[in-house]
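Thank you all for coming; I would like to take a few minutes to walk through one structure with you. Please have the sequence and the model open as we go, and we will begin with a single residue before moving outwards.

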Amino acid sequence: MIQKPESGAKDVAALARKIAPSERRAWFDAMVAEFDHVPDDKRWQFAVGCLFAAIRERLAAPQFLHALARNLLIGGAMIWAAMNIRFAGRMSAMDALVPEVFGYGIALLFVVGAFATARFGYRATIGLAVPLAVVLAVAAVIIRFGNTPTPVSNLYLALIVEDVLILGIALMIAGAAARLVSVQRAQG
């Protein structure tokens, strides 16, 4: 069965209505109702415009931003834990016990952080990341300025700097998302 070109455009406009966040649904209902009054040669342009508007509204919706931030934090922590497990496995193959234990320990901390974030939200991320970042930063200062630089101390320093940077990114995401949640609650 061959569809008329305008029926495809009408399907795109209907898709836009489905994509739109629930608080904007009435606006998109009106757009879909307007579709039949749009001149035939402008229907595709109208439908695509509706679709882009729906996508923009969905991306700006607080629920989407909240879910995105939460999934970034949880997924990022799990990926970082997996990378640390891979590092620890490589250190195990080289019989380097201390870097191996360090890798597994950091992996465990990031997994705990992912589960805490999933269970308790952004406050858990902030509550766990800040003390860990401080401890790692102090360890980095001690390693950097307390010893004569060696290849092993440089390895630890690099690992700690990486972890502190990842924790900093997580804190920025969690802090921004927590502010978004508080603004949402204030607006009702």
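**A buried acid, the spaces and the salt bridges**

Let me start with Asp163, which lies in helix 7. Before I say more, please keep in mind that what you are looking at is a predicted model.

Is Asp163 buried or exposed, and which side chain of opposite charge is nearest? Asp163 turns out to be buried, and yet it has no salt bridge, since the nearest side chain of opposite charge, that of Arg86, is 14 Å away. If we leave aside the neighbours within four places in sequence, the residues in contact with Asp163 are Trp80, Asn84, Phe102, Ile106, Phe110 and Leu136.

One of those contacts, Phe110, takes us to the largest pocket, because Phe110 is among the lining residues that lie nearest the centre of that pocket, together with Ala77, Thr125, Leu167 and Ala170. The lining of the largest pocket comes to 23 residues in total, and the volume of the pocket is about 440 Å³. Which helices supply this lining, with at least two residues each? They are helix 4, spanning residues 62-93, helix 5, spanning 97-120, and also helix 6 and helix 7. As for the character of the lining of the largest pocket, 19 of its residues are nonpolar and 4 are polar, while no charged residue takes part.

From the pocket I turn to the enclosed space, where the structure holds 1 cavity of 30 Å³ or more. The largest cavity has a volume of about 40 Å³, and the residues that line it are Ile143, Arg144, Pro149, Ser153, Asn154 and Leu157. Helix 6, residues 122-146, and helix 7, residues 151-187, each give at least two residues to this lining, with helix 7 providing the largest share, namely 3 residues. Sorted by character, the lining of the largest cavity divides into 3 nonpolar residues, 2 polar ones and 1 charged one.

Now to the charged pairs, of which a search of the whole structure finds 4 that form salt bridges. I will describe three of these pairs, taking them in turn.

In one of them, the side chains of Lys10 and Asp36 meet with a distance of 3.2 Å from N to O. Lys10 sits in helix 1, residues 5-19, whereas Asp36 sits in the loop between helix 2, residues 25-34, and helix 3, residues 43-60, so this pair ties together parts that are 26 residues apart in sequence. Lys10 counts as partly exposed, at 35% relative accessibility, and Asp36 is likewise counted as partly exposed, at 45%.

In another, Glu57 and Arg24 bring their side chains together in a salt bridge, with 3.2 Å from N to O. Here Glu57 belongs to helix 3 and Arg24 to the loop between helix 1 and helix 2, and so the parts that are tied together are 33 residues apart in sequence. Arg24 has a relative accessible area of 32%, which makes it partly exposed.

The last pair I want to show you is Asp40 with Arg43, a salt bridge in which the closest N and O atoms are 3.6 Å apart. Which of the two partners is exposed, and which is buried? Asp40 is the exposed partner, with a relative accessible area of 59%, whereas Arg43, at 12% relative accessibility, counts as buried.

Note on methods:
Residues are numbered from 1 along each chain as its sequence is written. This is a predicted model: local features need pLDDT of at least 70, side-chain atom pairs count only at pLDDT 80 or more; totals for chains, interfaces and linings use all residues. Side-chain values use heavy atoms; hydrogens and water are left out. On a 1 Å grid over the protein atoms alone, a cavity is a set of points where a 1.4 Å probe fits but cannot get out, and a pocket is an open set with protein on both sides within 12 Å along at least five of seven lines; lining residues have an atom within 4 Å of a point. Grid points are joined across faces, edges and corners, and a volume is the space filled by probe spheres set on the points. Helices (H or I, at least four residues) and strands (E, at least two) are DSSP runs, numbered from the N terminus. Ala, Val, Leu, Ile, Met, Phe, Trp, Tyr, Cys and Pro count as nonpolar, Asp, Glu, Lys and Arg as charged, and the others, Gly among them, as polar. Buried means under 20% relative accessible area, exposed over 50%, partly exposed in between (1.4 Å probe, protein chains only). Lys and Arg count as positive and Asp and Glu as negative; His and the chain ends are not counted. Contact means heavy atoms within 4.5 Å.
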